[in-house]
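Open the file in your viewer and keep a selection prompt at hand. The stops below each give something to select and then say what is there.

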Amino acid sequence: MSELPHRRRIGILGGMGPEATVLLMQRIIERTTVSDDQDHVPMIVDNNPQVPSRVKAIIEGTGEDPAPVLAAMARGLEAAGADALAMPCNTAHHYAATIAGAVRIPFLDMVELSAARAEGLGARRAGILGSPALKITGIFDRAFAARGLGTVYPENQDRLLDAIRRVKVSSRSREARHALAQAAEELGTRGADVLIVACSEFSIIADAIPSGPPAIDTVDVLADAAIAFSCGEAVEAEPA
């Protein structure tokens with residue numbers, strides 16, 4: 001009898017939002033090379049939509065701190081047998097240090113991984129398509145600057161937040177798709193040589209992005225890292 005392939009388990013901090021969590025799982029499944037069920041990546045998922053609002057905490061400054069809940073989720077996934085953690089919410093990576101510090105297993109940081117992917121493409125200026133919280137916290141700015149890359153954001157951040165909220169209600173929202181397409185076009189005219197799809201709700205409607213600068217979807221980057229880690233490969237995201 002042939003031995004089963006060894007696969008390390010990925011713990012997913014999910015629910016932010018639920019459809020984006022399913023999207024990450026789907027991308028991991030689709031992007032894994034398999035010949036049978038046993039070749040797939042084992043996943044343990046905490047799909048917790050009750051994580052305190054990142055919008056209220058970061059943008060409005062009135063909400064409960066999500067960090068303790070995220071840390072507890074991380075510890076629970078580790079206790080359940082996860083060998084590494086992944087989280088498909090870009091904005092929640094503002095709390096990455098708290099999450100990583102709560103466990104002994106690796107945290108696959110999609111922001112750092114995406115910056116490394118952009119650097120590998122030879123990009124110099126990245127256009128960030130995501131929540132206004134990303135600009136407020138500067139998490140992408142720091143990761144990209146550490147690699148010598150600049151960042152640029154669409155002028156109308158409120159419109160992007162409205163689009164994100166529309167996708168959370170329905171991924172078929174025409175208004176959200178139009179807003180994303182216009183933001184992508186704007187970033188191209190303002191010198192972005194790569195676009196970063198930096199909100200998992202936008203990953204759901206990424207086909208709305210028109211032709212122009214190449215786009216890096218952070219959910220795809222995270223899926224690739226999860227697959228690589230599960231298969232025993234090294235996953236490096238630190239700047240040189």
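**Stop 1: Asn90**

Select Asn90 together with Ala198: the Asn90 side chain reaches the backbone oxygen of Ala198 at 3.2 Å. The model is a predicted one. Asn90 sits in the loop that runs between strand 3 (84-86) and helix 4 (96-101). Is Asn90 buried or exposed? Its relative accessibility is 1%, so Asn90 counts as buried.

Next, show what surrounds Asn90. Leaving out residues up to four places away in sequence, Asn90 touches Met110, Leu134, Ile139, Phe140, Ala198, Cys199, Ser200 and Thr218. For Phe140, draw a C-alpha to C-alpha distance from Asn90: the two are 9.3 Å apart in space and 50 residues apart in sequence.

**Stop 2: the two domains**

Colour the chain by domain. The domain assignment gives domain 1 as 10-110 + 220-231 and domain 2 as 111-218. Their C-alpha centres lie 20 Å apart. On the domain 1 side 24 residues take part in the contact, and on the domain 2 side 27 residues do.

Between them, domain 1 and domain 2 bury about 2000 Å², with 57% of it on carbon and sulfur atoms. Which three residues supply more than any other three of the area that domain 1 buries against domain 2? They are Ile59, Asn90 and Val221, which supply 29% of that area. Asn90 from the previous stop is thus one of this trio.

Now list the polar links. Across the interface of domain 1 and domain 2 there are 15 residue pairs in polar contact, both residues being at pLDDT 80 or more. Three elements give two or more residues to the side of domain 1 that touches domain 2: helix 1 (18-31), helix 2 (54-60) and helix 11 (218-230). Helix 11 gives the most, with 5 residues. Sorted by class, that side of domain 1 has 13 nonpolar, 5 polar and 6 charged residues.

The same interface holds 3 salt bridges. One salt bridge to display joins the side chains of Arg117 and Asp224, at 3.0 Å from N to O.

**Stop 3: the charged network**

Select Arg27, Arg31, Arg117, Asp217, Asp220 and Asp224, which are linked in a network of salt bridges. Start with Asp220 and Arg27. The closest N and O atoms of this salt bridge are 2.7 Å apart. Asp220 lies in helix 11 and Arg27 in helix 1, so the pair ties together parts 193 residues apart in sequence.

Both partners count as buried: Asp220 has a relative accessible area of 16%, and Arg27 is at 15% relative accessibility.

Move to Arg31. Its side chain meets that of Asp220 in a salt bridge, 3.6 Å from N to O. Arg31 lies in helix 1 and Asp220 in helix 11, so this pair ties together parts that are 189 residues apart in sequence. Arg31 counts as partly exposed, at 37% relative accessibility.

Then pick Asp217, which is found in strand 8 (residues 215-217). What does the side chain of Asp217 make a polar contact with? The partner is the side chain of Arg27, at 3.3 Å. Asp217 is buried, with a relative accessible area of 8%. Apart from neighbours within four places in sequence, Asp217 is in contact with Arg27, Val197, Ser203 and Ala206.

**Stop 4: a salt bridge elsewhere**

A search of the whole structure finds 15 salt bridges. For another one, select Glu155 and Arg190, whose closest N and O atoms are 3.4 Å apart. Glu155 is in the loop between strand 6 (150-152) and helix 8 (157-169), while Arg190 is in the loop between helix 9 (174-189) and strand 7 (194-197); the two residues are 35 residues apart. Glu155 is exposed, with a relative accessible area of 59%, whereas Arg190 counts as partly exposed at 29% relative accessibility.

**Stop 5: a cis peptide bond**

Finish at Met16 and Gly17. The peptide bond from Met16 to Gly17 is cis, with omega near -5 degrees. Gly17 has its place in the loop between strand 1 (10-14) and helix 1.

Methods:
Residues are numbered from 1 along each chain as its sequence is written. This is a predicted model: local features need pLDDT of at least 70, side-chain atom pairs count only at pLDDT 80 or more; totals for chains, interfaces and linings use all residues. Side-chain values use heavy atoms; hydrogens and water are left out. Domain bounds come from an automatic or database domain assignment. Contact means heavy atoms within 4.5 Å. Buried area is the accessible area (1.4 Å probe) that two parts lose on being put together, summed over both. A salt bridge is a side-chain nitrogen of Lys or Arg within 4 Å of a carboxyl oxygen of Asp or Glu. A polar contact is a pair of N or O atoms within 3.5 Å; within protein, one must be able to donate a hydrogen and the other to accept it, and residues adjacent in sequence count only if both atoms are side-chain atoms. Helices (H or I, at least four residues) and strands (E, at least two) are DSSP runs, numbered from the N terminus. Ala, Val, Leu, Ile, Met, Phe, Trp, Tyr, Cys and Pro count as nonpolar, Asp, Glu, Lys and Arg as charged, and the others, Gly among them, as polar. Buried means under 20% relative accessible area, exposed over 50%, partly exposed in between (1.4 Å probe, protein chains only).
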